[in-house]
Amino acid sequence: RRLDSRSGLSAGLLGEIQTPISTDAIESVYEITGELGRGKFAVVKRSVEKATGKVFAAKFLRKRRRGRDCRADIIHEMAVLEMARNNARVVNLHAAYETDHDIILMLEYAAGGEIFDHCVSEELLPEVQITRLIRQTLEGVHYLHQSNLVHLDLKPQNILLTSLSPPGDIKIVDFGLARRLGAVGELREILGTPEYVAPEILNYEPITTATDLWSVGVIAYMLVTGESPFVGDDKQETYLNVSQVSVDYSREAFSRVSELAVDFIRKLLVKSPEDRPSAAECMSHPWLWQQQFCLSPDSTTAATTTRTVRERSCGAKWAAPP
Ligand code: ADP
Ligand code: MG
């Protein structure tokens with residue numbers, strides 16, 4: 001659920017796009033089939049390009065919402081996707097169409113669904129997979145931040161996978177709340193989903209790149225434990241949990257991962273944005289570079305353990321552009 005922007009201002013919105021918006025009948029180009037997901041103002045449907053057989057995800061965005069013309073918001077979402085076009089961790093925008101009611105974004109299809117499914121499943125992912133997905137998420141977030149973009153809606157529903165089993169690579173989606181920083185003045189807005197928003201958003205304090213790092217902490221917590229760290233019985237309780245940074249690190253779930261996991265999450269879930277590490281700093285955290293060793297390959301319990309590689313070169317390896 002999204003909270004209304006208190007200012008109602010469209011601060012930091014981008015207005016220039018390169019992708020042409022076609023008014024051709026979309027059904028003549030694509031065969032549109034089942035629903036992949038939906039949000040408040042969008043429906044995403046699986047679509048097959050007739051000429052090539054290639055599968056895409058068509059995001060239908062309503063142009064009018066609550067009686068207001070929201071075309072500019074959709075153009076902005078497209079512009080952000082275009083700015084991040086060169087990064088493999090961000091979903092690619094293929095084409096755009098327009099009908100009387102909607103603008104439709106034809107997006108690269110992420111066949112593995114949301115990492116949310118791995119946060120609520122009976123069977124949580126092994127630690128080595130979690131750290132790989134968090135590394136990839138940080139790569140995408142680092143790229144956005146270098147371009148002065150903040151996502152502001154990072155949550156397990158907006159991080160998708162290219163394939164399900166074995167889990168593929170991540171794709172960051174849903175740039176509806178993303179903003180450009182450092183334009184005119186500072187950005188203060190009230191938006192996002194209560195259980196995933198950072199304390200500075202609730203306090204109507206300036207938004208920075210650190211806001212996204214809070215969300216990475218929430219996502220890591222959820223992948224490790226299968227629980228949402230701040231969710232309460234109602235919105236008020238959730239807000240209180242967020243603003244007091246009331247987090248339970250004693251969960252049994254933490255016993256299945258190394259202590260470094262708790263250290264990583266603790267560094268991100270801190271109240272003051274200035275005290276959170278940047279995406280680049282997170283990338284050199286030892287949790288993300290542990291190597292897994294199979295202790296007893298012939299044992300029936302298939303026991304695995306983890307050992308920390310303390311070489312700093314791991315971080316440096318990532319820092320070089322691909
Ligand atoms: P909203 O702004 O309404 O939240 P999203 O862009 O997050 O819209 O899309 C809603 C849901 O649709 C996602 O959470 C996901 O389940 C699905 N979805 C979105 N984009 C894709 C995609 N490129 N490939 C596969 N599924 C997608
Ligand atoms: Mg979404």
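**Figure 1. Y204, a residue in a loop of this predicted model**. With a relative accessible area of 24%, Y204 is partly exposed. That label follows from two cut-offs, because buried means under 20% and exposed means over 50%. To find Y204, look in the loop between α5 (199–202) and α6 (210–225). Now look at the backbone: Y204 has a positive phi of about 60°, although this residue is not a glycine.

**Figure 2. V245, with a positive phi**. Here the view moves to the loop between α7 (235–243) and α8 (259–268), where V245 is found. The phi of V245 is about 45°, and V245 is not a glycine.

**Figure 3. A cis peptide bond from S165 to P166**. Which way is the peptide bond from S165 to P166 arranged, cis or trans? It is cis, with omega near 0°. You can locate P166 in the loop between β11 (159–161) and β12 (170–172).

**Figure 4. K59, a buried residue in strand β4**. Strand β4 covers residues 55–62, and K59 is part of that strand. Is K59 buried or exposed? Its relative accessibility is 9%, so K59 counts as buried. UniProt, in an unreviewed entry, lists K59 under "binding site". Beyond its neighbours within four places in sequence, K59 is in contact with A42, V43, V44, E77, I103, I104, L105, L107 and D174. One of these partners deserves a second look: the side chains of K59 and E77 are joined by a polar contact of 2.8 Å.

**Figure 5. E77, the partner of K59 in that polar contact**. This time we start from the other side of the pair, in helix α2, where E77 has its place. E77 is buried, and its relative accessible area is 5%. Which residues does E77 touch, if we leave aside its neighbours within four places in sequence? They are K59, L61, L105, D174, F175 and G176.

**Figure 6. I74, another residue of helix α2**. Helix α2 runs through residues 71–83, and I74 is found there. I74 counts as buried, at 1% relative accessibility. Not counting residues up to four places away in sequence, I74 touches L61, R62, K63, R65 and I103. Take the pair I74 and L61 as an example: 13 residues separate them in sequence, while their C-alpha atoms are 7.3 Å apart in space.

**Figure 7. Ligand 1 and the residues around it**. How many residues surround ligand 1? There are 19, and the closest are K59, E108, E114, Q157 and D174. Sorted by class, this shell has nine nonpolar, four polar and six charged residues. K59, which we met in strand β4, has a side-chain N or O atom 2.8 Å from an oxygen atom of ligand 1. For D174, an N or O atom in the side chain is also found 2.8 Å from an oxygen atom of the ligand. With A110 the backbone takes part: one of its polar backbone atoms is 3.0 Å from a nitrogen atom of ligand 1. On its own, ligand 1 has 540 Å² of accessible area, and the protein covers 92% of that. The elements that give two or more residues to the shell are β2 (30–38), β3 (42–49), β4 and β8 (102–108).

**Figure 8. S147, in the loop after helix α4**. The loop that holds S147 lies between α4 (127–146) and β10 (149–150). S147 is buried, with a relative accessible area of 17%. Its contacts are M83 and R180, once the neighbours within four places in sequence are left aside.

**Figure 9. The protein chain as a setting for the close-ups**. Let us step back for a last look. The secondary structure of the chain comes to 10 helices and 15 strands. Of the 322 residues in the chain, 49% are buried. Now consider the contacts between residues at least 6 apart in sequence: 64% of them join residues at least 24 apart. The chain exposes about 15,800 Å², and carbon and sulfur atoms supply 48% of this area.

How values were computed: Residues are numbered from 1 along each chain as its sequence is written. Chains are lettered from A and ligands numbered from 1 in the order in which they are written. This is a predicted model: local features need pLDDT of at least 70, side-chain atom pairs count only at pLDDT 80 or more; totals for chains, interfaces and linings use all residues. Side-chain values use heavy atoms; hydrogens and water are left out. Helices (H or I, at least four residues) and strands (E, at least two) are DSSP runs, numbered from the N terminus. Buried means under 20% relative accessible area, exposed over 50%, partly exposed in between (1.4 Å probe, protein chains only). Contact means heavy atoms within 4.5 Å. UniProt positions are given in the numbering used here, feature names are shortened, and annotations may be inferred rather than shown by experiment. A polar contact is a pair of N or O atoms within 3.5 Å; within protein, one must be able to donate a hydrogen and the other to accept it, and residues adjacent in sequence count only if both atoms are side-chain atoms. A residue is near a molecule or strand if one of its heavy atoms lies within 4 Å of it. Accessible areas come from the Shrake-Rupley method with a 1.4 Å probe; for residues, only the protein chains shown count as cover. Ala, Val, Leu, Ile, Met, Phe, Trp, Tyr, Cys and Pro count as nonpolar, Asp, Glu, Lys and Arg as charged, and the others, Gly among them, as polar.
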